[in-house]
Amino acid sequence: MATWKKLSLLLSIIPFLLLLAYGFKTNPREVPSPLVGHQAPPFALTMFDGSSNSLEALRGKPVVLNFWASWCFPACYDEAPHLEAAWQTYRDRGLIVIGVDIQDRDADAKAFIEKFKLSFPNGPDLQGKLSIGYGVYGVPETFFIGKDGTIHYKHVGALDERILKAKVEEML
């Protein structure tokens, strides 16, 4: 009888172990977002400078929505100059870049913005509602939202110049 119980216990934990092994083996960058191809969740965000932005007000313009944090090192530090360069290069063609700071202290976030001289709008997601709405599970994550409000592409991890240019050009 004891052998039967041990065998039952062993058989009951095998599916759990297989699921756990799958989770550790899966690259989160390769998990497709169910949001791509669908309307972006609406948002309204108060920026660090006191201004406000909303997706509805930006309708008709391509938007790069970047989720970041000052403690996200090195990925957020690596991509920040590329985001600023994209903003400077494409803003005259209508591109909007918005940074969303998550799970961060206000002073640290403002120091990050100053360190990289980020001139595009940045604001805190104070209660995490925007991050939850977009299904963000880590930083950095970036959503490319087309002029019609549809999510064109989602990128997990640090952006580089090549990816930014390619995805922005597709949306312009």
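In the predicted model, the residues lining the second largest cavity comprise four nonpolar, three polar and three charged residues. This lining is formed by Leu55, Leu58, Arg59, Gly60, Lys61, Val63, Ile145, Gly146, Lys147 and Gly149, and the space within the second largest cavity amounts to about 40 Å³. In total, two cavities of 30 Å³ or more were counted.

Ile145, one of the residues lining the second largest cavity, belongs to strand 6 (residues 141–145). Because its relative accessibility is 0%, Ile145 is classed as buried. Beyond its neighbours within four places in sequence, Ile145 makes contact with Ala40, Leu55, Lys61, Pro62, Val63, Leu65, Tyr134, Thr150, Ile151, His152 and Met171. Among these contact partners are Leu55, Lys61 and Val63, which also appear in the lining of the second largest cavity. With respect to Ile13, which lies 132 residues away along the chain, the C-alpha atom of Ile145 is separated from its counterpart by 42 Å.

The largest cavity has a volume of about 50 Å³. Its lining consists of Asn66, Trp68, Cys76, Glu79, Ala80, Leu83, Phe112, Leu118, Phe120 and Asn122. By class, seven of the residues lining the largest cavity are nonpolar, two are polar and one is charged. At least two lining residues are supplied by each of strand 3 (63–68) and helix 2 (75–90). Helix 2 accounts for the largest share of this lining, with four residues.

Helix 2 also packs against helix 5 (residues 161–171), at an angle of about 35 degrees and with the two axes 10 Å apart. The crossing of these two helices is right-handed. On the side of helix 2, the contact is made by His82, Leu83, Ala86 and Tyr90, while helix 5 contributes Glu161, Leu164, Lys165, Val168 and Glu169. The residues of this contact fall into five nonpolar, one polar and three charged. Leu83 of helix 2 thus takes part in the contact with helix 5 and is also among the residues lining the largest cavity. Met171, a contact partner of Ile145, falls within the residue range of helix 5 (residues 161–171).

Notes
Residues are numbered from 1 along each chain as its sequence is written. This is a predicted model: local features need pLDDT of at least 70, side-chain atom pairs count only at pLDDT 80 or more; totals for chains, interfaces and linings use all residues. Side-chain values use heavy atoms; hydrogens and water are left out. On a 1 Å grid over the protein atoms alone, a cavity is a set of points where a 1.4 Å probe fits but cannot get out, and a pocket is an open set with protein on both sides within 12 Å along at least five of seven lines; lining residues have an atom within 4 Å of a point. Grid points are joined across faces, edges and corners, and a volume is the space filled by probe spheres set on the points. Ala, Val, Leu, Ile, Met, Phe, Trp, Tyr, Cys and Pro count as nonpolar, Asp, Glu, Lys and Arg as charged, and the others, Gly among them, as polar. Axes are lines fitted to C-alpha atoms, for helices over the stretch in contact, and angles run from 0 to 180 degrees between N-to-C directions. A crossing is left-handed if the near helix is turned anticlockwise from the far one by less than a right angle, and right-handed if clockwise. Contact means heavy atoms within 4.5 Å. Buried means under 20% relative accessible area, exposed over 50%, partly exposed in between (1.4 Å probe, protein chains only).
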